[in-house]
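Trainee: I am new to this structure and would like to know how its descriptions are justified. Could we look at it together?

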Amino acid sequence: MSNSIFCNFIAGEWVEGGKKAIENISPADSKDLIGLYAQADKEQTEAAISAAVAGQLAWQQSGLEQRYSVLMAIGDELITRKDELGELLAREEGKTLAEGAGEVYRSGQFFHYYAAEVLRQMGETADSVRPGVDIETRREPVGVVGIITPWNFPTATGAWKIAPALAFGNAVVWKPANQVPGSAWALTEIISRQGLPAGTFNLVMGPGSEVGDILIHSRKINALTFTGSLETGRKVAAATAVNLVKCQLEMGSKNALVVLDDADLENAVECAVGGAFGGTGQKCTASSRLIVTEGIHDRFVSAMIERMKKLVVGHPLKPGVHIGAVADARQMEQNLSYLELAKNEGGTLAYGGDVLIEDTDGYFMTPALFTDTTNQMTINREEAFAPIACIIKVKDYQEALDTLNDTNFGLTGGICTTSLRHATDFKRNAKTGCVMINLPTAGTDYHVPFGGRKDSSFGPREQGTYAKEFYTIVKTTYIRA
């Protein structure tokens, strides 16, 4: 590194970008310059891909204990440095310090989990239908994995893709969101000190329209995993299909939390507040639709408003803050446009939605709650990625379930109820990849599969043992003694 620029990492070397470096400025304070970050050009991106091809061959031949030790070391350092790296994450993304530290800690857990998976790579045997022939099946690395990650979980999303990729013997070319390069660089710096074969891991920072476009069209990439918008995901799927590249997509959502008449009101409110407004509402698992049956509706609305009044919005590094900054000016503009849209569609703004002026020049708004909305309103059809929740009043459980399923998305769905019958029916019939019962829709574990249905996900599941379906290929061997 030189000239105080945080460089790309290609073929085992720190490399200045082929284009002008960008400024990484905190959305909570326009005077907080986090650093200058290199931007890869076309030649550098292609060089990283070529380096990964060579590096993967060496990494695949490494011993299991070597891979285990590398992943454990990465996880150890992330957990040890969770406060330091969590502060960096909070500064550049806008989430609170507690949320930032928690994300880094969870990222370390991902590496620890997949370190253990390294030692659990088991094959299977079978008898052939032909006498004297034995059969073995085993999993092998898919090859070079292209990774494209979003800005809302810059460390965790990278970790849950990078860790299994390396665990199963693949090489990585990582393009993080250009909005949050600092957290990606910090994770890369940790990985760079683990003695991996040159080219096994590469970081190429730059805009998706250039760097990302090269990755999704490359014939040297064997698998590509992407988390981002539905619109971009469709482009990724189309581009990778041409070259028959294995593809995994996590895209949009419009999650709902159902609250039934028999729900524990206090718990339902906590689930709604945590699910809708945690992380400034900028989570793919956020519950932006609150489907409430008519018997509890009025009490729920009143309790929600009282609870929201206690939420503190402010600079993410300040103690006692519950909701940090909106990601950037563009996101703030989009948030405000959805507020106006909801009003114009007939929704009643019951609380919040105010732009706040803080001591620092940043993007802050109070969480908003709308009532009198229907499931057909645009605000309840499109993913706003904002601290905005809309209440939809329904008659009974069946109408609530039908309303929850009436969406093009299907990532998470939740229900608050004390009825075992309704909970059991819901977990079977909610058309979502993840179901939460008496829990917020946001919040998943690292050792089990994660993903959705319909327009939310495409390809094999992420996380847990299911990750091997994407990061490995199966080989069947026939043996005559």
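What follows is a talk about the terms used for this structure and the values behind them.

Mentor: Happy to help! Keep in mind that this is a predicted model.

Trainee: Let us start with the helices. Why is α2 called roughly antiparallel to α4?

Mentor: Helix α2, residues 64-80, and helix α4, residues 97-118, pack at an angle of about 165°. Angles over 145 degrees count as roughly antiparallel, so α2 is roughly antiparallel to α4. Their axes are 7 Å apart, and the crossing of the two is left-handed.

Trainee: What makes the contact between α2 and α4?

Mentor: On the α2 side the residues include Leu64, Tyr68, Leu71 and Ile79. On the α4 side they include Val104, Phe111, His112 and Val118. Sorted by class, the contact of α2 with α4 has 14 nonpolar, five polar and two charged residues.

Trainee: Now the sheets. What makes β15 and β21 edge strands?

Mentor: Seven strands form an open sheet, ordered β15-β18-β19-β14-β13-β20-β21, with mixed pairing. β15 (348-351) and β21 (434-437) each have a single partner strand, so one side of each is left without a neighbour in the sheet. From one strand to the next, the twist averages 25°.

Trainee: How do you know that β15 and β18 count as paired?

Mentor: Two strands pair if there are at least two bridges between them. β15 and β18 (residues 368-371) have three bridges and run in the antiparallel sense, so they meet that cut-off. Leucine 349 stands opposite phenylalanine 370 in β18.

Trainee: What packs on this sheet?

Mentor: Helix α10, residues 294-308, packs on the sheet and touches β13, β14, β15, β18 and β19. The direction of α10 makes about 140° with that of β14.

Trainee: And which strands are the edges of the three-stranded sheet?

Mentor: That open sheet has the order β1-β5-β4, and its pairing is mixed. The edge strands are β1 (5-6) and β4 (19-25), each pairing on one side only. β4 pairs with β5 (residues 33-39) in the antiparallel sense over five bridges, and lysine 19 stands opposite glutamine 39 in β5.

Trainee: How many bridges join β6 to β7?

Mentor: Four bridges join β6 (residues 124-127) to β7 (residues 133-141), and the two run antiparallel. Alanine 126 stands opposite isoleucine 135 in β7. The hairpin of β6 and β7 has five residues between the strands, and there glycine 132 takes a positive phi near 80°.

Trainee: Which residues outside glycine have a positive phi? I would like to hear about alanine 11 and aspartate 372.

Mentor: Alanine 11 has a positive phi of about 55° although it is not a glycine; its place is in the loop between β2 and β3. Aspartate 372 is not a glycine either, yet has a positive phi of about 60°, and lies in the loop between β18 and β19.

Trainee: Why is alanine 11 called partly exposed?

Mentor: Buried means under 20% relative accessible area and exposed means over 50%. Alanine 11 is at 31% relative accessibility, so it counts as partly exposed. Serine 229, in the loop between β11 and α8, is at 35% and therefore also counts as partly exposed.

Trainee: Is histidine 315 buried or exposed?

Mentor: Histidine 315 has 11% relative accessibility, so it counts as buried. This residue is found in the loop between α10 and α11. Leaving aside neighbours within four places in sequence, histidine 315 is in contact with Ala28, Asp29, Val321, Thr360 and Phe364.

Trainee: What makes asparagine 335 count as buried?

Mentor: Asparagine 335 lies in helix α11, and its relative accessibility is 0%, so it counts as buried. Beyond its neighbours within four places in sequence, asparagine 335 is in contact with residues including Val326, Met365, Phe385 and Ile388.

Trainee: Which residues of α7 are buried?

Mentor: In helix α7 (residues 208-217) they are Val211, Gly212, Ile214, Leu215 and Ile216. What covers them includes α1, β8, β9, β11 and α8.

Note on methods:
Residues are numbered from 1 along each chain as its sequence is written. This is a predicted model: local features need pLDDT of at least 70, side-chain atom pairs count only at pLDDT 80 or more; totals for chains, interfaces and linings use all residues. Side-chain values use heavy atoms; hydrogens and water are left out. Axes are lines fitted to C-alpha atoms, for helices over the stretch in contact, and angles run from 0 to 180 degrees between N-to-C directions. Angles under 35 degrees count as roughly parallel, over 145 as roughly antiparallel, 65 to 115 as roughly perpendicular and the rest as oblique. A crossing is left-handed if the near helix is turned anticlockwise from the far one by less than a right angle, and right-handed if clockwise. Contact means heavy atoms within 4.5 Å. Ala, Val, Leu, Ile, Met, Phe, Trp, Tyr, Cys and Pro count as nonpolar, Asp, Glu, Lys and Arg as charged, and the others, Gly among them, as polar. Buried means under 20% relative accessible area, exposed over 50%, partly exposed in between (1.4 Å probe, protein chains only).
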